[in-house]
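Reader: Could you walk me through this model? I would like to start with the overall picture and then go to single residues.

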Amino acid sequence: MRRKLAAGNWKMNGTAASLDEVRAVAEAHPAPSVDLLLCPPATLIDRMVRAAAGSAIAVGGQDCHAAAAGAHTGDISAAMLTDAGATHVILGHSERRTDHGETDDTVRAKAQAALAEGLVAVVCLGETEAQRDAGETLPVVGRQLAGSLPDAGVTGATLVVAYEPVWAIGTGRVPTLDQIAEVHDVMRAELVGRFGDAGEAIRLLYGGSVKPDNAGEIFATSNVDGALVGGASLAATDFSAVIAALEAAPAA
Ligand code: PGA
């Protein structure tokens, strides 16, 4: 059985004052029945780890470089994330793919580096609106899935995959539940085909405008094991409501 995961992606938001939100989430969920993860900007990882110490909240990065060290100004290695106390890293988010030209090859190399360092990789993929309108959603997602995931070291404990339709991120628009189920069921089948039993154990998150008022129905959808939450993870009250919805969701 897959343990559900509520993950928050703070993106380029948050300063020291925002750590009060982390403390509030920790207090509201001292012993959650689901896994909790928050991914702040790199500048806050160390302080968030300390703010969340003793709680159920794991802390992750939002990106890492594929190389272990070297002349890469502004970048962060997987080892630096673990050194700061992170246990997870988001990779291949559509904003990285768009803003920084990351390809499936780039993302796979980063994911391999993350796993080698002992980080859990949360690999993101999803179609653009034009691709959905052109009926290309499943081929696009299939291609990204095949190209972005590492080959070695993949288990249900080392890899999480997040389906995030680009047109649903930060827009308040959400696919229908049938559309989410269609993509998640196909991803599950492809993961099982490629990784066998491990493919059954990999958590599949939905991401894109998950809010307290739509979380419950999304979490009841086939092969949805949790969410990657952007905007609604910034305030403890919203994220806490999403966590509560996930705790109330039917078992996978
Ligand atoms: P959103 O972002 O919840 O603000 O739509 C989700 C994400 O990009 O991970």
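Author: What follows goes from the whole chain to one helix and then to a few residues. This is a predicted model, in which local features need pLDDT of at least 70 and side-chain atom pairs count only at pLDDT 80 or more, while totals for chains, interfaces and linings use all residues. Residues are numbered from 1 along each chain as its sequence is written, and side-chain values use heavy atoms, with hydrogens and water left out.

Reader: Okay, how many helices and strands are there in the chain?

Author: The chain has eleven helices and eight strands, where helices (H or I, at least four residues) and strands (E, at least two) are DSSP runs numbered from the N terminus. Its radius of gyration is 17 Å, close to the 18 Å that the globule rule gives for 252 residues, so the chain is as compact as a globular protein of that length. That radius is taken over C-alpha atoms, and the rule is 2.2 Å times the number of residues to the power 0.38. Along the principal axes, the C-alpha trace spans about 45 × 45 × 35 Å.

Reader: And what share of the residues is buried?

Author: Buried residues make up 52% of the 252, where buried means under 20% relative accessible area, exposed over 50% and partly exposed in between, with a 1.4 Å probe and protein chains only. As for contacts (heavy atoms within 4.5 Å), among those between residues at least 6 apart in sequence, 73% join residues at least 24 apart.

Reader: Switching to helix α10, which of its residues are buried?

Author: Helix α10 covers residues 212–219, and its buried residues are Asn214, Ala215, Ile218 and Phe219. Seen down the axis of α10, these fall within an arc of 130°, so they line one face of the helix; the arc is that of the directions from the helix axis to the C-beta atoms. In general, an α-helix has 3.6 residues a turn, so residues three or four places apart point the same way.

Reader: What covers those buried residues of α10?

Author: The cover includes the helices α8 (177–195) and α11 (236–248), together with the strands β7 (203–207) and β8 (226–229).

Reader: Which loop holds Ser209, and is that residue buried or exposed?

Author: Ser209 is in the loop between β7 and α10, and Ser209 is buried, with a relative accessible area of 8%. Although Ser209 is not a glycine, its phi is positive, at about 60°.

Reader: What about Lys11, what is its phi?

Author: Lys11, also not a glycine, has a positive phi of about 50°. Lys11 belongs to the loop between β1 (5–9) and α1 (19–28) and counts as partly exposed at 21% relative accessibility. Ser18 is placed in the loop between β1 and α1 as well, but at 16% relative accessibility Ser18 counts as buried.

Reader: Last topic, what does Val166 touch?

Author: Leaving out residues up to four places away in sequence, Val166 touches Ser94, Gly126, Glu127 and Thr128. Val166 sits in the loop between β6 (159–163) and α8, and at 29% relative accessibility it counts as partly exposed.

Reader: How far apart are Val166 and Val186 in space?

Author: Val166 and Val186 are 18 Å apart, C-alpha to C-alpha, with their positions 20 residues apart in sequence. Val186 has its place in helix α8 and counts as partly exposed at 26% relative accessibility. The C-alpha atoms of Val186 and Val141 are separated by 9.0 Å, although the two are 45 residues apart along the chain.
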